[in-house]
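Colleague: Could you take a close look at one part of this model and set it in the context of the whole chain? I would like one connected account.

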Amino acid sequence: MKKKVFAVCLLMIICGLAIGQVSKYKNLQDRFLEKKQTFVVGHRTAQKGSEFPENSLSGIEDAIGKIDMLEIDVRKTKDGKYILMHDKTIDRTTNGSGEVSQFTFKELSQLFLVHDSQTTGEKIPLLKEVLKAAKGKIFLFLDLKDIDKTFFDLIARHKMTDQVMCLPNNKPNDSTFVELELASKKGSKILFAPWCRDLSNHSKVIDQYPNQKMVHVIIWPQYQEGLLAVKEVCELARANQKTILFNVLFSKYNNALSNGQEDLIEQLLVLNPDMIFTDYPVLLKSYLSR
C-alpha cells in the first residue's frame with residue numbers, strides 16, 4: 001500500500017514539473033499579482049538568432065521553461081484557418097510565394113518554413129496546434145494580424161482565454177480599437193495590449209476602456225533618452241491600477257544585454273514594469289534571476 005501511495009505522489013510531482021510555470025497560476029492576472037519578478041516576453045522565438053524558425057511549433061516548444069510568454073503572429077487562410085505567419089505574404093518565411101489570404105491551409109501545408117535563408121523540414125503551424133502545445137506550459141502573446149470573431153471562439157474552445165494576451169492590429173494613433181471593444185464586453189477574460197505610437201494616446205485608451213488591464217508602452221528611439229515621457233505613462237497606468245508592458249524591440253534596450261550594457265536594463269527596472277517584451281528574453285530572464 002505504501003509503495004502505491006509513493007508511486008502516486010511521485011507521478012503527481014513529475015506531472016507538475018512537466019506542466020511548467022503556467023500551472024502555478026490560474027490565469028495571467030494571478031501571475032501579474034504575484035509580482036515577484038518582471039515578466040519576460042519573447043519575440044517569435046525564445047532568443048534572436050536561435051536555431052528555430054520564427055512562428056514555428058519547434059520554436060514554441062523550445063521557449064517552454066525558458067521564458068514566461070512568447071509573442072507569435074496570427075493570420076487567416078483563404079478557407080478560414082488560423083495559422084502562424086508574421087508577414088502578409090509567405091515569401092520571406094517559406095519556400096512559397098504569394099499572400100496568405102490567397103491560399104487554403106491544405107495548399108500551405110505543402111510548403112516548408114525557411115530559416116536563415118535555408119529551407120527547413122518544418123511546416124506552417126495551425127494556431128490550434130500551438131494552443132495545444134502551449135496549454136499549461138507557457139503564456140502566449142498573440143499578434144492579431146488578420147482575424148474575425150471565430151478567433152475568439154477558437155481560443156475559448158481550447159480553454160486558453162486566460163492564458164493568452166492579444167495585440168490588436170490597429171493603425172498607429174487609431175483610438176477606436178475594434179478588437180478592444182470586443183474584449184471590453186462583460187464577461188470577457190482575454191487581455192488586450194493595444195499599442196500607441198504616440199505616448200500621449202495612452203490616456204485616451206485608459207479613459208475609453210477602463211476594463212482593460214494592460215498598458216502597452218512602446219519605447220521608441222525618441223523616448224529612450226531620459227525616459228521622462230515613459231515615466232509619465234507609467235505613473236498614469238499605476239494610478240489606474242494597470243499592468244505595464246514595456247516593448248523595447250525598437251530601442252537601444254532591446255540588445256542591451258547582448259552588448260554587455262546592464263546599466264540600460266537597470267534604467268528600465270527603476271520604472272518597475274510588470275513585463276518586458278524583447279528579442280533577447282533568455283538573456284533578460286537570466287539577468288533578472290541573478
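Modeller: A residue is called buried when its relative accessible area is under 20%; by that cut-off, buried residues make up 52% of the 290 residues in the chain of this predicted model. The chain has 11 helices and 11 strands, and it exposes about 14500 Å², of which carbon and sulfur atoms supply 53%. Among contacts between residues at least 6 apart in sequence, 67% join residues that are at least 24 apart.

The part I would single out is leucine 28, which is found in helix 2, spanning residues 28–34. With a relative accessible area of 1%, leucine 28 falls under the 20% limit and is therefore buried. Leaving aside residues up to four places away in sequence, leucine 28 touches Phe39, Met69, Phe139, Asp162, Gln163, Val164, Met165 and Leu191. The C-alpha atoms of leucine 28 and lysine 189 are separated by 9.8 Å, although these two residues lie 161 places apart along the chain.

Helix 8, residues 201–208, offers another view of burial, since Asn201, His202, Val205 and Ile206 are buried there. These four cover an arc of only 135° around the axis, which puts them on the same side of helix 8. In an α-helix there are 3.6 residues a turn, so residues three or four places apart point the same way.

Among the cysteines, cysteine 166 is buried at 0% relative accessibility, and cysteine 234 is buried too, with a relative accessible area of 4%. With a cut-off of 2.5 Å between cysteine sulfur atoms, the count of disulfides comes to zero.

Technical notes: Residues are numbered from 1 along each chain as its sequence is written. This is a predicted model: local features need pLDDT of at least 70, side-chain atom pairs count only at pLDDT 80 or more; totals for chains, interfaces and linings use all residues. Side-chain values use heavy atoms; hydrogens and water are left out. Buried means under 20% relative accessible area, exposed over 50%, partly exposed in between (1.4 Å probe, protein chains only). Helices (H or I, at least four residues) and strands (E, at least two) are DSSP runs, numbered from the N terminus. Contact means heavy atoms within 4.5 Å. Accessible areas come from the Shrake-Rupley method with a 1.4 Å probe; for residues, only the protein chains shown count as cover. The arc is that of the directions from the helix axis to the C-beta atoms.
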